[in-house]
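Student: I should like a close look at a single residue of this chain, placed in the setting of the whole fold. Please begin with the chain and then turn to the residue.

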Amino acid sequence: MSGNLMNSGTAISCPHGGRIAAVSSAPYGVRIDGLPALTASDLFTVSGCPHTVGGVPRPCTAVHWAPEPGGVLIDGSPVLLERTAALCLSAAQAPQGPPAAVQSARGVTCR
């Protein structure tokens, strides 16, 4: 699979416009544009999702990533690309739709 690698500075949003923040599990490993590369083992939380169902708030709260097998690994965890399959989830783990990621990665460095 090819595509731009994501780092902790990648702008990621839920399908309803909520902001997704990533906390890298390996903040001193591989870096992209000086920021930690994101992997499937990192923690992703959603804030500010306005989604409601029948007037009841059902905001996105988390993201589940599903990287293709056989890709690049960092410390045994698949790296995330802008096009990696994923679903945003509600607090009840109900699928809410795919997130959107926007970034132009320019360089990768290892430390």
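Tutor: Of the contacts in the chain between residues at least 6 apart in sequence, 65% join residues at least 24 apart. The model is a predicted one, and its secondary structure amounts to 14 strands and zero helices. Read from the N terminus, the elements therefore give the order β-β-β-β-β-β-β-β-β-β-β-β-β-β. The chain has a radius of gyration of 14 Å, close to the 13 Å that the globule rule gives for 111 residues, so the chain is as compact as a globular protein of that length. Its C-alpha trace spans about 50 × 25 × 20 Å along the principal axes.

As for the surface, about 6200 Å² of the chain is exposed, and carbon and sulfur atoms supply 58% of that area. The chain carries 6 positive and 5 negative side chains, with the centres of the two sets 8 Å apart. Of the 111 residues, 34% are buried.

The residue for the close look is Ser77, which is found in strand 10, a strand covering residues 77-78. Is Ser77 buried or exposed? Its relative accessible area is 7%, and Ser77 is therefore buried, since the cut-off for that class is under 20%. Which residues does Ser77 touch, when those up to four places away in sequence are not counted? They are Thr39, Ala40, Ser41 and Val72. Ser77 thus joins two parts of this account: Ser77 lies in strand 10, and Ser77 is a buried residue.

Notes: Residues are numbered from 1 along each chain as its sequence is written. This is a predicted model: local features need pLDDT of at least 70, side-chain atom pairs count only at pLDDT 80 or more; totals for chains, interfaces and linings use all residues. Side-chain values use heavy atoms; hydrogens and water are left out. Helices (H or I, at least four residues) and strands (E, at least two) are DSSP runs, numbered from the N terminus. Buried means under 20% relative accessible area, exposed over 50%, partly exposed in between (1.4 Å probe, protein chains only). Contact means heavy atoms within 4.5 Å. The radius of gyration is taken over C-alpha atoms; the globule rule is 2.2 Å times the number of residues to the power 0.38. Accessible areas come from the Shrake-Rupley method with a 1.4 Å probe; for residues, only the protein chains shown count as cover. Lys and Arg count as positive and Asp and Glu as negative; His and the chain ends are not counted. The place of a charge is taken as NZ of Lys, CZ of Arg, CG of Asp or CD of Glu.
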